[in-house]
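Trainee: I would like to work through this chain with you, going from the overall layout to single residues. Could we begin with the terms we shall need?

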Amino acid sequence: MNVRQDIVDMKSAIINNDILFNRILTNEKITNEMVEDGEQGSQLYYNFTDMTQIMDKYNLMNLSFSEEANWLVKPAALFTNELGQDDILPPTLHRMRMTFERLDITSYPVKAELKARIEEYQQLNHRWLNIVGDFESKEINENEWPQILNDLEQVTRAYFSEKKVNFVDDDVWRDALNPRYE
């Protein structure tokens with residue numbers, strides 16, 4: 001049941017992020033008042049937090065299972081297809097989350113540099129959306145979960161490779177461009 005709920009939560013966060021990115025880019029502002037389309041910064045922040053916590057939970061489980069299986073004559077395969085501490089998806093989610101941290105007081109205009117960054121986030125989120133699908137198009141069962149986590153990591157790596165971004169050393173991606181601190 002926990003895995004099923006994690007699948008739903010991850011999928012919901014990715015779908016909701018797509019909707020929020022569209023609204024922000026269309027309106028060219030991050031709305032944070034208590035209105036119909038409001039609290040966009042907070043919603044994105046908590047979506048990325050949820051996604052990070054889910055990834056961290058399964059990475060920790062992966063490491064635990066791998067360590068406990070080492071005593072076997074033939075060790076079991078890694079539970080989540082080699083996800084581990086050198087993954088770039090969790091720090092990517094963290095950096096994306098930092099862009100929207102503490103944007104809960106007022107609305108913020110989306111300047112050119114931030115707009116370009118949110119467009120990058122949207123492109124990456126679209127790749128994740130292609131994996132998890134929308135609510136109607138694709139049902140995910142518990143057995144597919146390890147492969148989906150691996151696929152999310154692989155498309156994230158491919159995105160940075162295609163964009164020729166050295167994720168670890170790139171100053172642009174290191175700066176979250178949070179409009180609160182401009």
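Mentor: Let us fix one term before anything else: a residue counts as buried when its relative accessible area is under 20%, as exposed when that area is over 50%, and as partly exposed in between. Please also keep in mind that this is a predicted model.

Trainee: With those cut-offs, is P109 in strand β2 buried or exposed?

Mentor: P109 is found in strand β2, which covers residues 108-109. Its relative accessibility is 52%, and the class of exposed residues starts over 50%. Because 52% lies over that cut-off, P109 counts as exposed.

Trainee: Which residues does P109 touch, leaving out those up to four places away in sequence?

Mentor: The surroundings of P109 can be approached first through the backbone, where the C-alpha atoms of P109 and I24 are separated by 9.3 Å although the two residues are 85 apart along the chain. I24, however, is not among the contacts listed for P109, which are E28, K29 and L114.

Trainee: Stepping back to the whole chain, what pattern do its helices and strands follow along the sequence?

Mentor: The secondary structure comes to six helices and two strands. Of the 182 residues, 46% count as buried, and among contacts with a separation of 6 or more, 79% join residues 24 or more positions apart. Read along the sequence, the pattern is α-β-α-α-β-α-α-α.

Trainee: How do helix α1 and helix α4 pass one another, and at roughly what angle do they cross?

Mentor: Helix α1 spans residues 2-27 and helix α4 spans residues 112-132, and their axes come within 9 Å. The crossing of α1 past α4 is left-handed, and by class their contact has ten nonpolar, five polar and four charged residues. Residues on the α1 side include I14, N17, F21 and I24, while those on the α4 side include I118, Y121, N125 and W128. The axes cross at roughly 145°.

Trainee: Which element gives the most residues to the largest nonpolar core?

Mentor: That core has 38 residues, and the members that touch the most others are M10, F100 and W128. The elements giving two or more residues to this core are α1, α2 (40-69), α3 (89-99), α4 and α5 (145-162). With nine residues, the element that gives the most is α1.

Trainee: Which residues does W128 touch, not counting those up to four places away in sequence?

Mentor: W128 is one of the α4 residues that meet α1, and it is also one of the three core members that touch the most others. The residues W128 touches are I14, M51, L89, L93, M96, L152, V155 and T156.

Trainee: What is the relative accessible area of N17 in α1, and which residues surround its side of the helix?

Mentor: N17 is found in helix α1, and beyond its sequence neighbours it touches L44, N47, F48, M51 and N125. From the other direction, N47 in helix α2 is in contact with A13, N16, N17 and L20, and N47 is itself buried at 10%. N17 is buried as well, with a relative accessible area of 0%.

Trainee: Which residues does I24 touch beyond four places in sequence?

Mentor: I24 is in helix α1 and is buried, with a relative accessible area of 0%. Its C-alpha atom is separated by 7.9 Å from that of Q40, which is 16 residues apart from it along the chain. The contacts of I24 are K29, I30, Q40, L44, F100, V110 and I118.

Trainee: How many of the eleven residues of α3 are buried?

Mentor: The buried residues of α3 are L89, P90, T92, L93, R95, M96, R97 and T99, a list in which nonpolar residues stand beside others such as R95 and R97. Helix α3 is mostly covered, and the number buried is eight.

Trainee: How far apart in space are I88 and T156, C-alpha to C-alpha?

Mentor: I88 is in the loop between α2 and α3 and is buried, with a relative accessible area of 12%. T156 is among the buried residues of α5. Although 68 residues apart in sequence, I88 and T156 have a C-alpha to C-alpha distance of 7.3 Å.

Notes:
Residues numbered from 1 in each chain as written. Predicted model: local features only at pLDDT ≥ 70, side-chain atom pairs only at ≥ 80, totals over all residues. Heavy atoms only, no water. Axes fitted to C-alpha atoms, helices over the stretch in contact; angles between N-to-C directions. Helix = DSSP H or I, 4+ residues; strand = E, 2+ residues; numbered from the N terminus. Left-handed = near helix turned anticlockwise from the far one by under 90°. Contact = heavy atoms within 4.5 Å. Core = buried A, V, L, I, M, F, W, Y, C linked by side-chain atoms within 4.5 Å. Buried < 20%, exposed > 50% of the residue type's maximum accessible area, 1.4 Å probe, protein only.
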